[in-house]
Amino acid sequence: MTPPPDHPGAGPAAVPPPGCPAHTAPRTGAHPDDRAATTRTDALADLFGPEHEADPTGFYERLRAEHGPVAPVRLAGDLPAWLLLGYRENLEVARTPSRFSRDSRHWGDWREGRVAPDSPLLPVVGWQPMCTFADGEEHERLRTALTQSMNRFDRRGIRRHVTRFTHQLVGEFAADGHADLVTGFAERLPMLVLTHLLGMPDEDGPRLVEASRDLIKGTETAISSNEYVTRTLENLVARKRAQPGEDLASWLLSHPSGLTGEEVVQHLRLVLLTGNETTTNLMANTLRTVLTDPRSRASLAGGHMTLPDAIEHVLWDEPPLAVIPGRWATGDTELAGRRIRAGDMLLLGLAAGNVDPAIRPDITAPMYGNRSHLAFSGGPHECPGQDIGRAITDTGIDALLLRLPDLRLAVPESELRWTASWVSRHLVSLPAEFTPRRGDWDTLETERGLLGPDFLDRIASAQDPLEPRAEVTGPEPAAPRPWWRSLWRALRPGPPRPPR
Ligand code: HEM
């Protein structure tokens, strides 16, 4: 983290600053500003550690019951913050950068020297020269470079890469008749696609997956993992400067916004980290839903619901990023009756906001196809890569189900396990089984021959998540089954052969 220019570099302050959430009351439901705490954050609920990790949803609901839509919490290193649990409060903060800045140099605890230099929060919230930490014109300059460069990708090309990498991964386990769809598929596909889009050699993918997951978890090794990711990207940028190609690294380097080398590295890192972890989670959660929820499986098979609709439902109930750190109050202000002081950190609680009873009184009502969830946040920083994330998830799962149509869960649902960090929850494994199929491309090539040379293109474009689509505010009517799926079923050769 680059210290703010006026960072005093002082050690931990003896007296907590007035107004930070640390001054909150014990969990009695009283207004936190009405009482003085004896220690900084003793009375606050921990947004890390066993209680939160065992059941993040229950944790949010307990906080909502005790504090309402804006709750005081404690982060690793005894650092206080406000967690936003209300849907409207999340949007208000995300959409009002004049009051709630994305620039972490406003952070009172940092400015006053209470954040340890080796704090595991720093790789995530430490200020860096990239659009995530900028507001106003500077944000516009950096974000424009990023979005315009990302828009240069041939959209059909992205889907073709997803299809190709999906078949490459499925080929590794198709003959076994069983696979772990998290470690063998969801954790690998997004990084393969993203490293390719960035311009990296494919073999860099696996180590980067490991390092980026470690970094985002905020563990003790987060800092060294962060250094590894940054070093790999610096090498990439040096190579692309000498020899540009058709990739994000080269396009950012040549963009008229004139990004510095460090800015290019940081934005590539941003795309890699945000894009990989989120898309992995979305893919794992969608696969789990498809394999365990008879309602969604039946709706998909019967053509009453499309995969993109199922994905939106998952984005409501299990947003890939549960919490976004953060926003920082630019001055003293008020939010849902809470007094927020200048420099306080606020965390967007996307998972909690999505199930806010104020907007979802019936939590069991399906949200298929409804895009007004918080999973991609809102306001000027709303995720610019959301359609790429959706395309990887949708095209990847579609191609997987096409290749292994009788895919089913291999263990009871109750045996599935998650790991949680303060920002996200991650399915550890999703054991699945299916009729063994040949791992090579023969079967697929036969189908390709039957259906014509542009078969894969048509698979990839049958449901185009990258095309603009009208926003809906309620459950969507049943969508027709993609044409190719019934055609493919009709022409499919007989029962799959066991491997030789
Ligand atoms: C489906 C998976 C994804 C989810 C759920 C997701 C979610 C998010 C969220 C919640 C934010 C934070 C916005 C804020 O601070 O308010 C964000 C920012 C961002 N995401 Fe995504 N994302 C996904 C995929 C991707 C992909 C695939 C890319 C790139 C190819 C990407 C690039 C970015 C960038 C560059 C930002 C920073 C934008 C800014 O600060 O202006 N994301 N994303």
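This is a short dialogue on reading a predicted model of a chain with a ligand.

Colleague: What should I keep in mind about this model?

Modeller: The model is predicted, so to speak of local features we need pLDDT of at least 70, and side-chain atom pairs count only at pLDDT 80 or more, while totals for chains, interfaces and linings use all residues. Residues are numbered from 1 along each chain as its sequence is written.

Colleague: How many helices and strands are there?

Modeller: Helices (H or I, at least four residues) and strands (E, at least two) are DSSP runs, numbered from the N terminus. Here the chain has 20 helices and 13 strands.

Colleague: Which residues come nearest to the ligand?

Modeller: A residue is near a molecule if its C-beta atom, placed from the backbone, lies within 6 Å of it. The ligand has 25 residues around it, and G275, S377, C383, G385 and G389 come nearest. Two or more shell residues come from each of α6 (136-151), α13 (261-292) and α17 (386-403). The largest share, seven residues, is from α13.

Colleague: What share of the chain is buried?

Modeller: Buried means that 20 or more other C-beta atoms lie within 10 Å of a residue's own, all placed from the backbone. That holds for 46% of the 500 residues.

Colleague: And which residues have the most contacts inside the largest nonpolar core?

Modeller: A nonpolar core is a set of buried Ala, Val, Leu, Ile, Met, Phe, Trp, Tyr and Cys residues joined through C-beta atoms within 7 Å. The largest one has 121 residues, and L83, L198 and L347 have the most contacts inside it. Helix α13 gives the most to this core, 12 residues.

Key. Buried ≥ 20, exposed ≤ 12 C-beta atoms within 10 Å, placed from the backbone.
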